[in-house]
Amino acid sequence: MKSDEGVQVAVSQTYIEGPYPRKEDIIRDLLSRGFSRVLRFSIGAECDSSFYHLAERVAVFDAAADSFNLSQEGPLPVDVVTLLTADKLDRQLLALIFGR
């Protein structure tokens, strides 16, 4: 839809009841799955909630506690932004990760 501020996208999703995991648990879970933290880059409310998986070329943004529920197996993402990356975004994320 158009607005005075430009084009806006409205989304809706079913509310999922459950406790939030701790931020440290989310970080530990994503790191154990081969993701690297991407500091100083954010899509979402928290500046330290971005992750990148080089081998899979997948980026996860807005990985904040309120984007997960805590399941018996650990943090369960319910509202993260997930992207398959291409060359330009890969280079940008790697530069942020490795400080180039």
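These are my notebook entries on what I looked up in this structure, which is a predicted model.

**Entry 1: the overall layout**

I began with the secondary structure and found two helices and eight strands in the chain. Reading from the N terminus, I wrote the order down as β-β-α-β-β-β-β-β-β-α. I then looked up the extent of the C-alpha trace, which spans about 45 × 40 × 20 Å along its principal axes.

**Entry 2: inside and outside**

How much of the chain is buried? I found that buried residues make up 29% of the 100 residues. For the surface, I noted about 7,000 Å² exposed by the chain, with carbon and sulfur atoms supplying 55% of that area. I also checked the contacts with a separation of 6 or more, and 43% of them are accounted for by residues 24 or more positions apart.

**Entry 3: a nonpolar patch**

Next I looked for nonpolar side chains on the surface. Ile43, Val81 and Leu83 form a patch there, and together they have about 190 Å² of accessible area. I placed Val81 in strand E8, which covers residues 81–84. Is Val81 buried or exposed? Neither label fits, because its relative accessibility is 31% and Val81 therefore counts as partly exposed.

**Entry 4: charges**

I turned to the charged side chains and noted 11 positive and 15 negative ones in the chain. The centres of the two sets lie 10 Å apart. How many salt bridges are there? My count came to eight. One of them joins Asp25 and Arg22, with 3.1 Å from N to O.

**Entry 5: the bridges at Asp48**

I spent some time on Asp48. Lys23 meets Asp48 in a salt bridge, at 3.2 Å from N to O. Lys23 lies in helix H1 (residues 23–32) and Asp48 in the loop between strand E3 (36–37) and strand E4 (51–53), so this pair ties together parts that are 25 residues apart in sequence.

Arg37 also meets Asp48 through a salt bridge, here at 3.7 Å from N to O. I placed Arg37 in strand E3 and Asp48 in the loop between E3 and E4, so this second pair ties together parts that are 11 residues apart in sequence.

Which residues make up the network of salt bridges here? I wrote down Lys23, Arg37, Glu46 and Asp48 as the linked set.

I then looked up the accessibility of three of these residues. Lys23 counts as partly exposed because its relative accessibility is 32%. Asp48, at 23% relative accessibility, counts as partly exposed, and Arg37, at 28%, counts as partly exposed. For Asp48 I kept the cut-off beside my note: buried means under 20% relative accessible area, so a residue at 23% is not in that class.

**Entry 6: around Arg37**

I stayed with Arg37 for the last entry. What does Arg37 touch, leaving out residues up to four places away in sequence? My list holds Ile27, Leu31, Asp48, Ser50, Phe51 and Ile97. Asp48 on that list is the salt-bridge partner I had already noted for Arg37.

I also looked up how Arg37 sits relative to Ile97. The two are 60 residues apart in sequence, and their C-alpha atoms are 6.9 Å apart in space. So my page for Arg37 reads as follows: a residue of strand E3, partly exposed because its relative accessible area is 28%, and part of the network with Lys23, Glu46 and Asp48.

Note on methods:
Residues numbered from 1 in each chain as written. Predicted model: local features only at pLDDT ≥ 70, side-chain atom pairs only at ≥ 80, totals over all residues. Heavy atoms only, no water. Helix = DSSP H or I, 4+ residues; strand = E, 2+ residues; numbered from the N terminus. Buried < 20%, exposed > 50% of the residue type's maximum accessible area, 1.4 Å probe, protein only. Contact = heavy atoms within 4.5 Å. Areas by Shrake-Rupley, 256 points an atom, 1.4 Å probe, with all protein chains shown as cover. Lys, Arg positive; Asp, Glu negative; His and termini not counted. Charge placed at Lys NZ, Arg CZ, Asp CG, Glu CD. Patch = residues over 30% accessible without salt bridge, like charges linked within 9 Å, V, L, I, M, F, W, Y side chains within 5 Å. Salt bridge = Lys/Arg side-chain N within 4 Å of Asp/Glu carboxyl O.
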